[in-house]
Amino acid sequence: MRGNGSDSGPGGPEDGGLIRERLEALCQELNMDEETAEEALENFTSIWNTYTLEGEVVHWLACALYAACRKASIPTVGRGLVEGNCVSLTRILRSSKLSLIQFFSKMKKWADMSNLLQDFRNRISHLERNFEVSTVIFRKFEPIFLDMFQNPQGEPPRVPRGRKHRRLPCHISDVFKFCWTLFVYTKGNFRMIGDDLVNSYHLLLCCLDLVYGNALLCANKKDLVNPLFRGFPKDSVSSEEPPSVIEELCELHDGLVVEAKGIKEHYFKPYIRRLFEKRETLTDKAINREYEEYVLTVGDFDERVFLGADADEEIGTPRKTAAEPPPGQLTARMQVENNLQQHFEKTRSLAPSTPLTGRRYLKEKELLITPVSSATQSVSRLQSMVTGLRNAPSDALLQIFSSCSRCPTDMILNRVKTLGETFKENYTKQTEDLPGAHIDFAENRLKLAEILYYKILESVMTQETKRLQGKDMTGLLEQDVFHCSLLACCLEVVLFAYSSQRTFPWIIETFHLRPFYFYKVIEVFIRSEEGLSRDMVKHLNTIEEQVLESMAWTKDSVLWDTLHNANNKVPTVEEFNSYSISHSLINQTLLSPSDVPSSPISAHDRFSSPTAGSVKRRLFGDDPQPLSPVKKISFTPIKLIPSPSTENSQTANTTTSEMGGITVIQVQASDLNPLTTQVLLASPTRAPAPPPTTDTQQQASRPRRTGSLALFFRKVYHLASVRLRDLCLKLDISAELRGKIWTCFEHSLVHCTDMMKDRHLDQLLLCSVYIISKISKEVHTFQDIMKCYRSQPQATSHVSSASLIFTREADSESEEDRGDLIQFYNSVYVMKMKTFALKYALSSADNRMEAPPLSPFPSVRAQPLSPRRISQRHSIYLSPHKNGSCLTPNSAYTYKFSGSPSKELSDINRMIRQGGVSKKRAFTMEGDETESPTKRLNQESEDVLLKRLQDVVSERANH
């Protein structure tokens with residue numbers, strides 16, 4: 001796999017001798033030991049002979065050196081072994097002139113090519129996470145510092161002095177560097193504080209509070225502190241105890257007072273006290289020396305890089321020219337902040353990416369939201385959700401328990417206590433990848449989760465009681481997996497709110513909970529809690545996607561047992577066609593909870609177990625009746641505001657066709673079958689025989705599958721269809737070809753289900769795109785397909801580089817052989833799918849006659865958003881009615897269903913025909929009302945299609 005390139009790059013005539021010379025020069029500069037250098041050269045040579053390495057050779061040598069350095073260990077006096085060889089990452093990067101951002105990008109590729117252990121990959125991810133946290137906090141640090149201290153713009157230049165000259169008073173720039181160094185040193189040595197973004201930010205506030213209080217005791221405090229700062233004391237300051245401004249800092253800069261005070265009193269103060277016991281005074285030289293020793297022994301990057309004049313080059317952020325650069329001596333640092341902001345706006349590494357299944361349903365993100373403010377707001381939202389509640393069952397919940405045939409109170413309390421002890425034990429345990437948190441943090445997180453657990457449980461049981469007419473809830477309340485999943489989901493939300501590094505699937509691994517069981521509770525959780533933030537919903541949606549795409553398909557997953565009990569019959573898309581296949585969590589929960597449609601699957605049916613013989617135990621009456629036919633009515637797009645009086649009696653759903661046409665489907669509440677929590681949590685069962693229906697109902701309804709297994713595959717099909725739709729749009733694939741690809745993918749899932757074992761859903765999807773394109777003579781190479789795939793938010797490198805080829809079983813141990821996606825396609829996929837795919841070949845008429853019918857491609861149903869633009873030509877929006885003040889400007893036309901006169905609708909139609917005339921003129925002009933609404937919709941459809949085509953052409957031109 002060698003390529004052609006210049007002499008200085010990979011693929012050129014540069015031989016091993018020149019590479020060795022470069023490596024030796026780099027090792028001499030770093031004073032590297034010979035053993036580590038030889039190992040790095042051996043690894044680099046192996047990769048060099050196998051892959052084409054793009055970019056500077058010395059950058060890849062740096063990656064090889066870092067990997068070799070981290071494997072080494074050095075004995076020390078009295079301390080055993082020190083991990084690494086005391087060569088810091090910062091020195092390696094400076095010597096090789098490799099920026100941090102480039103390093104993380106290349107190191108991930110190097111790990112894939114070298115097949116490094118997962119522990120090393122986790123170390124890189126942990127290192128990158130720390131860098132991201134420090135980057136975000138540094139962006140907050142400078143404006144807070146300038147609010148508290150004098151602006152260094154007017155600071156006079158420093159006069160050089162001899163050794164015998166007395167020490168000059170402290171300068172503002174010295175205070176700035178000292179405060180940041182104190183923070184990074186404390187964070188590095190107190191890893192339980194630096195575990196998440198929220199704790200790290202509050203630690204920064206504690207450092208600023210300490211430095212500010214001591215600055216007020218200085219003789220030249222007027223030259224240091226800002227008298228306009230809100231926390232500046234009006235009275236004289238006592239020399240015994242420095243004043244604290246932690247409350248003012250939290251109020252002014254997105255902090256949480258309770259969290260900040262807890263860290264200050266229980267962790268920061270004792271730590272500073274220990275530092276003073278080692279040294280009488282904390283000087284900048286002492287702190288810098290201590291921090292340098294820490295960097296040398298641990299091997300992480302030096303976070304003082306943010307303070308340097310070459311920060312741009314060392315971090316790797318592109319320069320961003322400003323029209324009017326800010327004045328002052330901190331201009332360079334402010335430039336770095338702007339560049340870092342530009343970088344993280346692209347990577348969004350500290351914010352959850354929006355999954356494709358919910359991308360079109362999200363409201364616009366609020367302006368001026370930083371990662372720190374977002375994190376602290378998530379914690380504030382979480383605390384507001386549990387305000388006034390306690391971590392015990394309420395009286396209403398206890399009453400529900402007592403109404404059961406067997407009271408589950410003691411069983412539930414004991415289970416929560418046992419799971420809580422398991423959580424605290426694992427949360428405080430130190431591992432190779434994660435530091436052990438303090439027990440106080442563990443108890444605080446657990447208490448919040450317990451309050452949330454009982455709140456959600458009460459909401460779920462209240463809904464179930466109303467829906468199921470007072471049926472006995474003992475069956476659901478005795479389900480251990482339901483309660484374990486619910487508490488795990490609550491803990492996951494709490495950990496996410498605090499930006500903890502214990503990310504999913506840590507919590508289900510701690511509770512030994514199977515992903516196939518856990519994902520079922522996510523939709524129940526979201527429908528039952530109205531206070532979830534935008535990012536929380538996105539995070540839960542991402543978790544559900546992870547389970548559907550890979551985690552539920554591992555060889556030890558209970559999904560395979562479930563399929564075996566169902567006679568290995570995977571439901572087809574056709575069996576779900578009577579339902580809307582859209583089950584995205586975002587499109588149901590990011591809006592007002594009152595707008596979320598009830599789910600027809602209950603909690604009991606999601607988690608209940610079938611009786612012996614795999615016969616469904618019918619505990620809650622008859623099955624839901626099929627939906628009655630609905631009437632489709634075309635209309636001119638307008639702003640839809642359902643009235644409160646009709647909101648409960650009639651639901652107006654809007655669907656957007658692929659060409660942009662708008663259709664209103666009016667559904668009476670009596671026709672809706674609520675998806676109860678019992679059904680949502682059901683175990684897989686066979687669908688009972690449907691009741692007799694009329695001819696009209698038989699035509700309107702189609703065979704459908706119910707139960708836990710059907711829920712899983714319905715969500716899988718929806719997820720795959722959204723990703724395929726996005727791929728086809730970017731690859732400019734026609735609807736006809738997309739239908740063949742979709743049918744091929746469905747065939748692989750239904751008839752070759754074993755191909756998904758220990759593999760990723762996207763691997764089958766990408767292979768389906770390639771094989772159908774190839775037999776249809778469409779020019780779509782694997783490179784083109786992968787290029788478009790990498791633009792999707794869920795795309796990861798292991799999907800294409802670590803595909804399972806086959807597994808060897810020997811002596812009760814399995815050995816996996818993995819390769820890239822092309823190897824999987826040639827060795828596995830083609831062998832099983834070639835016969836079916838060739839039926840769609842265009843080579844002969846006979847093949848076309850034998851081609852199987854296309855499977856229906858799932859349509860995406862759009863939920864009513866607030867507001868959602870529904871016309872490309874006009875500023876026309878659709879939104880549900882909400883109680884409270886209306887924010888619609890006076891110049892806008894509004895029409896409220898069942899609440900506005902027909903004249904307002906006529907005015908809107910007239911305005912559209914007139915091309916957006918003013919409101920005053922629209923009321924007085926008479927217009928021709930003979931124009932067909934269908935014609936107007938067709939015009940808008942053409943505009944939507946044109947815009948999509950332009951987007952595709954523009955995107956291709958940019959690549």
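A residue counts as buried when its relative accessible area is under 20%, as exposed when over 50%, and as partly exposed in between (1.4 Å probe, protein chains only). By that rule, 51% of the 959 residues in this protein are buried. The model is predicted, so local features need pLDDT of at least 70 and side-chain atom pairs count only at pLDDT 80 or more, while totals for chains, interfaces and linings use all residues. Residues are numbered from 1 along each chain as its sequence is written, and side-chain values use heavy atoms, with hydrogens and water left out.

**Overall build**

- The protein has 39 helices and 9 strands. These are DSSP runs numbered from the N terminus: helices are H or I with at least four residues, strands are E with at least two.
- Take contacts (heavy atoms within 4.5 Å) between residues at least 6 apart in sequence: 75% of them join residues at least 24 apart.
- The protein exposes about 46300 Å², and carbon and sulfur atoms supply 50% of that area. Accessible areas come from the Shrake-Rupley method with a 1.4 Å probe.

**Helix α30**

- Helix α30 covers residues 708-731. Of its 24 residues, 22 are buried.
- The expected span of a helix is 1.5 Å times one less than its number of residues. For α30 that gives 34 Å, and the end C-alpha atoms are 35 Å apart, which agrees.
- Asp732 comes just after α30 and takes a positive phi of about 60 degrees.

**Aromatic pairs**

- Rings of Phe, Tyr and Trp (its six-membered ring) pair if their centres lie within 6.5 Å; planes under 30 degrees apart are stacked, over 60 edge-to-face, and the rest tilted. This rule yields 44 aromatic pairs.
- Tyr66 and Phe103 form an edge-to-face pair, because their planes stand at 85 degrees, with ring centres 5.3 Å apart. Tyr66 is in helix α3 (residues 57-71) and Phe103 is in helix α5 (residues 100-114), so the pair links distant parts of the chain, 37 residues apart.
- Tyr66 is buried, at a relative accessible area of 0%. Phe103 is buried too, also at 0%.
- Tyr770 and Phe782 are stacked, because their planes lie at 20 degrees, with centres 4.5 Å apart. Tyr770 belongs to helix α32 (residues 761-775) and Phe782 to helix α33 (residues 782-789). Both residues are buried.

**Charges over rings**

- A charge sits over a ring if NZ of Lys or CZ of Arg is within 6 Å of the ring centre and within 35 degrees of the ring normal.
- Arg502 lies over the face of Tyr427, 4.3 Å from the ring centre.
- The charged end of Lys757 sits over the ring of Trp560, at 4.8 Å from its centre.
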